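Subject: Structure for your records

Hello,

Here is the structure I said I would pass on. Please open it alongside the notes below.

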Amino acid sequence: MNTGEYKNVSAVSNRIGMSIWPSLYDVSSALSSDINRDFRKAGHVISIDQFVILSGIYLGHGESQKKLAAWLHRDRSVISRLLRILENNGWILRYTDEKDHRRKCLELTQKTHDTWPVLESIIFKTIQTRCQDVDPEKLQSCIDVLIKIFINCRPDQLSYSKVST
């Protein structure tokens with residue numbers, strides 16, 4: 001590759017890098033906002049961020065607040081605040097581990113287990129509605145690219161399952 005070709009590749013790469021972040025941020029913010037609104041419309045006092053915390057606990061990443069924070073790539077203080085809200089609203093139980101009194105155990109409440117299918121349904125319906133005019137093949141390509149970017153960001157965490165559209 002000669003120097004001119006390298007500059008062209010570098011320019012394209014820089015342009016893509018500078019254009020992808022605002023798009024990812026805008027889509028993420030818009031979907032989160034819409035899901036939160038749809039939760040409220042359905043009478044559920046929970047946010048998508050709180051639901052993601054519940055998902056982590058449900059999937060077994062909630063053995064400790066530290067592990068949950070690492071799995072979610074979030075600061076432990078943010079996780080702590082969200083856990084406090086979830087506990088106060090009856091979504092989780094937090095109690096001291098009998099063997100290690102420094103550690104808090106996390107458990108989903110019956111309310112969470114009963115409401116889980118409804119919350120998932122709201123999320124999927126909201127996303128499906130926002131993607132209704134998108135070509136399924138293009139949507140799958142987009143998902144594949146996002147998964148590849150995630151893997152590039154977190155090569156040690158390959159626990160991503162492929163989403164089918």
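The notes go from the whole chain to one helix and then to one residue.

This is a predicted model, in which local features need pLDDT of at least 70, side-chain atom pairs count only at pLDDT 80 or more, and totals for chains, interfaces and linings use all residues. Residues are numbered from 1 along each chain as its sequence is written, and side-chain values use heavy atoms, with hydrogens and water left out.

The chain contains six helices and two strands, in the order α-α-α-α-β-β-α-α. Helices (H or I, at least four residues) and strands (E, at least two) are DSSP runs, numbered from the N terminus. Of the 165 residues, 27% are buried, meaning under 20% relative accessible area with a 1.4 Å probe, protein chains only.

Helix α5 covers residues 110–130. Its 21 residues should span 30 Å at 1.5 Å a residue (1.5 Å times one less than the number of residues), and the end C-alpha atoms are 31 Å apart, which agrees. The helix has a kink of about 45 degrees at Trp116, shortly before Pro117; the bend is the angle between axes fitted to the seven residues ending there and the seven starting there. Buried residues in α5 include Trp116, Leu119 and Ile123.

Leu108 belongs to strand β2 (residues 104–108) and counts as buried because its relative accessibility is 10%. Leaving aside residues up to four places away in sequence, Leu108 touches Leu54, Ile57, Tyr58, Trp91, Ile92 and His113, where contact means heavy atoms within 4.5 Å. Ser55 is 53 residues from Leu108 in sequence, with 9.8 Å between their C-alpha atoms.

Regards

Notes
Buried < 20%, exposed > 50% of the residue type's maximum accessible area, 1.4 Å probe, protein only.
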